[in-house]
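Reader: I would like a close look at one part of this model. Please take the longer chain apart at its domain boundary, and then place that boundary in its surroundings.

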Amino acid sequence: MQLFSCPFCGPRDETEFLFAAEAGKTRPEPAADVSAERWSEYLYLGGNPRGATREIWQHLTCGEFFAMERDTVTHVVSVSHSLRGEEA
Amino acid sequence: MAKRYSAFGLFREGLRGHSGWQPAWRSPSPKPRYDAIIIGGGGQGLATAYYLAKNHGMTNVAVLEKSWLGGGNTGRNTTTIRSNYFYPESVALYDFALKLYEGLSRELNYNIMLSQRGVVTVSHSDAEMEMAARLVNAMQINGTDAELLDRDGVLAKAPLLNRTDQARYPIFGGTWQGRAGVARHDAVAWGYARAADGFGVDIIQNCEVTGFLIESGRCVGVETSLGEIRADATGLAVAGHSGVLAAKAGFQLPIRSYSLQAMVSEPVKPCLDTVVLYLGTGTYLFQSDKGEIVVGGGLDRVPSYAQRGNPPMQQTVISGMLEMFPSFGQLKMLRQWAGIVDVVPDSSPIIGPSPLPGLYLNCGWGTGGFKSIPAGGWLLAHLMVTGEHHEISRPFDLDRFVTGRLVDEAAGSGIAH
């Protein structure tokens, strides 16, 4: 069992967490001006990196979304931090 | 062409101390130029090479594999072949694969040990039985075999299932596809490799693609650890590593890579002659020809390129097995492993041109790549030669993520991938 660190609750079992998205995506606005291609890109496309990555996760127990930087090969987590007051 | 395999040949070699066997395929150095190259020497890539040669007469072809043949997901999956899907597009695709599998040993002159022992998917409530009936009806309308089983029907297929009143997931009935089954996974890769090599296809192992040659906005070949290799058409069949190669080609895909685990027990005497899946536990299992119980389940929930898997999912899968077959509590597990699967939002594959002209995609099979090897290879070959979709692959083009015409099998048939 790997431990992930919630910025609010501290280290918890990996089963308490849900992967949400890759970090760095911004919802295109206003909706009326967004093409189908651009919307599809926002909804579905991703870098799916092998190695270092920055992702948005949710701690299901407390409900908070936060950013986590980790490696997708070694599973080592370098840092996780709160998203409050900043852009994802 | 390699020597034809036969019962007589086996008998003769037995008398000669097996001294006359030849390698099943050559190990050539890459030529500087081919008509077509395929990245990925798993089942999908090797099948593509075979059908390029057989269906289209294109034999100046290379398969580039960064490691050894069939060492990725082809050698790591749990070998189940089935076409019990909901949507007509999916049944057309997976049943095409199943039909090709049914004739494959004879066609390739290589015993892939196809065993059509059937798959039973067990339902645990009246509501799930209604969904099971819906799926069976859809499958029959779409032209593949399916049957709705009641409780006694399920227990007749797998008598060791948990039939007690205390069962957490009681057996109400289930769906049955009798033509489904299992095959020897390595043999599928080796059989296609040998047959493709027989047509003159170069199979090049330990050759990693490090980049793409792009001229005037078109893919004209690849850079590899063995130098540049040029080709008119390039096919990509690298499953969980599709995103890595896409990044080198300058585009992104609607794919996320996850670990999918499996494990086997010690071999025991025959006790299970079908493939069983519980909707409630998500665990499925069957008994291999050697007697091992082969067990699999859902994806690890952490996006990953680590081919090993995390303990929580092992716990889920094993506890599911014990719920289904309490007597298996005495089994010792021998091995556990994982492959990296390419999961798409609608749980259907991506077959079609990539955003880079000259490069064609065969990916996004998720947990279902092995069962679709013959179809995936056939369709990618068609695409690479003609530049146009085969009618079966058309619904699975990348453009569905823009048009919104998804083929959502996670919702349709309740599959895990």
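Author: What follows starts at the boundary between two domains and moves outward from there.

The model is predicted. Chain B is divided into two domains. Domain 1 is made of three stretches, 28-110, 184-254 and 346-412. Domain 2 is made of two, 119-181 and 256-343. The centres of the two domains, taken over C-alpha atoms, are 28 Å apart.

Now the boundary itself. On the domain 1 side of chain B, 25 residues are in contact with 25 residues of domain 2. Three elements of chain B each supply at least two residues of that domain 1 side: β3 (80-81), α3 (88-102) and α8 (242-249). The largest share comes from α3(B), with four residues. By class, this side of domain 1 has 14 polar residues, eight nonpolar and three charged.

Helix α3(B) deserves a second look. Besides its share of the domain boundary, α3(B) packs against helix α10 (residues 373-386) of chain B. The two axes are 7 Å apart, at an angle of about 105°. Angles of 65 to 115 degrees count as roughly perpendicular. That is why α3(B) is described as roughly perpendicular to α10(B). From α3(B), the contact uses B:L93, B:F96, B:A97, B:L100 and B:Y101. From α10(B), it uses B:I373, B:P374, B:A375 and B:W378. The classes here are simple: nine nonpolar, no polar and no charged residues.

Next comes α8, which supplies residues to the domain boundary. Ahead of this helix is the loop between β11 (227-236) and α8 of chain B, and B:A239 sits in that loop. B:A239 is not a glycine, yet its phi is positive, about 45°. Is B:A239 buried or exposed? It is buried, with 26 other C-beta atoms within 10 Å.

Compare another loop residue, B:S216. Its loop runs between β9 (209-215) and β10 (218-224) of chain B. Phi of B:S216 is also positive, near 50°, and again the residue is not a glycine. B:S216 counts as exposed, with 6 C-beta neighbours inside 10 Å.

Helix α8 of chain B also takes part in the contact with chain A. That contact takes 21 residues from chain B and 17 from chain A. Along with α8, the elements of chain B that each supply at least two residues are β12 (256-267), β15 (292-303), α9 (311-324) and α11 (400-403). The side of chain B that touches chain A divides into 14 nonpolar, five polar and two charged residues.

The partner, chain A, has one helix and six strands. From the N terminus on, their order is β-β-β-α-β-β-β. The C-alpha trace of chain A spans about 45 × 30 × 20 Å along its principal axes. Of its 88 residues, 12% count as buried. One detail in the backbone of chain A is the peptide bond from A:E29 to A:P30, which is cis, with omega near -10°. A:P30 lies in the loop between β3 (17-22) and α1 (36-44) of chain A.

Last, the N-terminal helix of chain B. Helix α1 (residues 7-15) of chain B has nine residues, and the number buried is zero, so the helix lies largely in the open. Just after α1(B), B:G17 takes a positive phi of about 70°.

How values were computed: Residues numbered from 1 in each chain as written. Chains lettered and ligands numbered in written order. Predicted model: local features only at pLDDT ≥ 70, side-chain atom pairs only at ≥ 80, totals over all residues. Domains from an automatic or database assignment. Contact = placed C-beta atoms within 7 Å. Nonpolar A, V, L, I, M, F, W, Y, C, P; charged D, E, K, R; others polar. Buried ≥ 20, exposed ≤ 12 C-beta atoms within 10 Å, placed from the backbone. Axes fitted to C-alpha atoms, helices over the stretch in contact; angles between N-to-C directions. Parallel < 35°, antiparallel > 145°, perpendicular 65-115°, else oblique.
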